[in-house]
Amino acid sequence: MTVRLRAHHLLCMLTYVGRGYTPAFVENYGGVVARLSRRAPIRLVDGPDDICAPIQHIASAHCYNDSVGERDWLARDAVQSLLGAAVDLDREFSLDTAMLTRFREGFSQGQTRAACNGCEWAALCDKVAGAGYPGAALQLQGD
């Protein structure tokens, strides 16, 4: 089953270590990352995605904020630059080891971090990436 991701969550999943806004959010996020680890296809979407699901029913949820849309735009631009190819909304792709390695290297080197400015999780992501991604939940199976 295809995983629907907003562009900035494509970056967030790189450093996800089991923390989040609520227990339901963490449980859902863990499930999404498990699907990605099993190489489920990804479709980038504009707006709330599969990770947002546990909180998107809350009218004041940050997933509806313009700043999050801006974060998506910056993330998509950075990922396109890193890959040297367009990353179109609603077009499916799958992570492979080379792509995940490129994403993590780009993230660690700051090439894709413009989308992280102002994010409350940035310090945690800095710590995880800076240490070489220990405990990161996303681990591709089948390698």
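1. Let me start with the buried side of helix H2 in this predicted model. The buried residues of H2 are Phe25, Tyr29, Val32, Val33, Arg35, Leu36 and Ser37. You will notice that the list holds an arginine, Arg35, alongside Phe25 and Leu36. As for what lies over these residues, the cover includes strand S1 (3-5), helix H1 (7-12) and strand S2 (42-44).

2. How far does H2 reach from its first C-alpha to its last? The helix runs over residues 23-37, 15 residues in total, and spans 21 Å, close to the 21 Å expected at 1.5 Å a residue. Following H2 comes arginine 39, with a positive phi near 70°. That backbone angle may be one to look up in your own viewer.

3. Two of the strands that help cover H2, S1 and S2, also belong to an open sheet of three strands, ordered S1-S2-S3 with mixed pairing. S1 and strand S3 (92-93) are the edge strands, each pairing on one side only. Between S1 and S2 the pairing is parallel, over three bridges. One pair to find there is arginine 4 with its bridge partner in S2, arginine 43.

4. A word on confidence, friend to friend. The protein chain has an average pLDDT of 90, and 98% of the residues score at least 70. Which elements mark the lowest and highest mean pLDDT? Helix H3 (residues 66-83) has the lowest, at 88, and helix H5 (residues 122-130) the highest, at 96. As a general caution, predicted coordinates should not be read in detail where pLDDT is low.

Notes
Residues are numbered from 1 along each chain as its sequence is written. This is a predicted model: local features need pLDDT of at least 70, side-chain atom pairs count only at pLDDT 80 or more; totals for chains, interfaces and linings use all residues. Side-chain values use heavy atoms; hydrogens and water are left out. Helices (H or I, at least four residues) and strands (E, at least two) are DSSP runs, numbered from the N terminus. The expected span of a helix is 1.5 Å times one less than its number of residues. Buried means under 20% relative accessible area, exposed over 50%, partly exposed in between (1.4 Å probe, protein chains only). Contact means heavy atoms within 4.5 Å. pLDDT is the predictor's confidence in each residue, from 0 to 100. Two strands pair if DSSP finds at least two bridges between them.
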